[in-house]
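User: I am new to this structure and would like to know how its labels are earned. Could you walk me through the reasoning, one label at a time?

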Amino acid sequence: MEYNQTEHSETNSANLLNEEELLVDEFIYASTGQRFLNFIIDNLLMNYGLSYITGYAVGLLIGLTQTTYFNDLLENRTKLFLFGYLLAIFNYLIYYITCEKLFNGYTLGKIITGSKAIRDDGKPLTFKDATLRSLCRLVPFEILSGFKIRPWHDEWTNTMVVKAR
């Protein structure tokens, strides 16, 4: 059997480069399917859990303290819609900021799908990162960027969602 030194050294160089790539890029992006499932689970929780609780609490508080405002709100559909919309935005921000910061990049959806949000440098999200990610999600049509590996809220904030297990 003939040993070819040039071929062997090229193979070793190629393997060495691949190993260096693995060390630099040690994270695997979460799939679009995982991210879509995260979105569905998290929005179900927000819409049917958190929104019910905050809506009830805020309605009770306004009803007890500001009866005339509450009656005016119920009679004016535009004001009621805007109030509900602002409450939904509040819930959205509170849910994502709280979960992604306090639970180290996880939300309920990410826990179930085995993914988590981290910074591009591999470090955990800061409060600023979690807040900016959440605010970026409010940009109109941002949801359509979810068909890419890195949606806008990841690109704009230098974060990513990776497989955690």
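**How the labels are earned**

Analyst: Happy to! Let us begin with a pocket: α2 and α4 (77–102) each supply at least two residues of the lining of the largest pocket. Please keep in mind that this is a predicted model.

User: Which helix gives the most to the lining of the largest pocket?

Analyst: That is α2, with 10 residues. The lining has 31 residues in total, and F39, N43, Y92, E142 and I143 lie nearest the centre of the pocket.

User: How much space lies in the largest pocket, and how do you find such space at all?

Analyst: The largest pocket holds about 760 Å³. As for finding it, rolling a probe the size of a water molecule over the atoms shows where empty space is left.

User: Why is I40 called partly exposed?

Analyst: The relative accessible area of I40 is 33%. Partly exposed is the range between the buried cut-off, under 20%, and the exposed cut-off, over 50%. The value of 33% falls in that range, so I40 is partly exposed. I40 sits in helix α2, which covers residues 32–65.

User: What makes F36, L37, I40, L44 and Y48 a patch?

Analyst: Residues of a patch need over 30% relative accessible area and no salt bridge, and nonpolar side chains are joined within 5 Å. F36, L37, I40, L44 and Y48 form such a nonpolar patch on the surface, with about 530 Å² of accessible area together. For I40, the value is 33%, so I40 passes the cut-off of over 30%.

User: Why does I97 count as buried?

Analyst: Buried means under 20% relative accessible area. I97 has 14%, so I97 counts as buried. This residue is found in helix α4.

User: Which residues does I97 touch, not counting those up to four places away in sequence?

Analyst: I97 touches L102, F127, A130, T131 and S134. A contact means heavy atoms within 4.5 Å. Three of these partners, A130, T131 and S134, are also among the buried residues of helix α6 (residues 127–136), together with D129, R133 and C136.

User: What do the buried residues of α6 pack against?

Analyst: They pack against α4, α5, β1 (115–119), α7 and β2. For the wider setting, the protein has 7 helices and 2 strands, and from the N terminus on they run α-α-α-α-α-β-α-α-β.

User: What stands out about the phi of N104, and how exposed is N104?

Analyst: The phi of N104 is near 60 degrees, a positive value in a residue other than glycine. N104 lies in the loop between α4 and α5 (108–113). Its relative accessible area is 36%, which is between 20% and 50%, so N104 is partly exposed.

User: Where does N158 lie, and why is N158 called partly exposed?

Analyst: N158 lies in the loop between α7 (152–155) and β2 (159–163). Its relative accessibility is 48%, and exposed would require over 50%, so N158 counts as partly exposed. N158 also has a positive phi, about 55 degrees, although it is not a glycine.

User: How many of the residues of the whole protein count as buried?

Analyst: Of the 165 residues, 30% do. The protein exposes about 11200 Å², and carbon and sulfur atoms supply 65% of that area.

Notes:
Residues are numbered from 1 along each chain as its sequence is written. This is a predicted model: local features need pLDDT of at least 70, side-chain atom pairs count only at pLDDT 80 or more; totals for chains, interfaces and linings use all residues. Side-chain values use heavy atoms; hydrogens and water are left out. Helices (H or I, at least four residues) and strands (E, at least two) are DSSP runs, numbered from the N terminus. Buried means under 20% relative accessible area, exposed over 50%, partly exposed in between (1.4 Å probe, protein chains only). Accessible areas come from the Shrake-Rupley method with a 1.4 Å probe; for residues, only the protein chains shown count as cover. Patches are made of residues with over 30% relative accessible area and no salt bridge: like charges are joined within 9 Å, nonpolar side chains (Val, Leu, Ile, Met, Phe, Trp, Tyr) within 5 Å. A salt bridge is a side-chain nitrogen of Lys or Arg within 4 Å of a carboxyl oxygen of Asp or Glu. On a 1 Å grid over the protein atoms alone, a cavity is a set of points where a 1.4 Å probe fits but cannot get out, and a pocket is an open set with protein on both sides within 12 Å along at least five of seven lines; lining residues have an atom within 4 Å of a point. Grid points are joined across faces, edges and corners, and a volume is the space filled by probe spheres set on the points.
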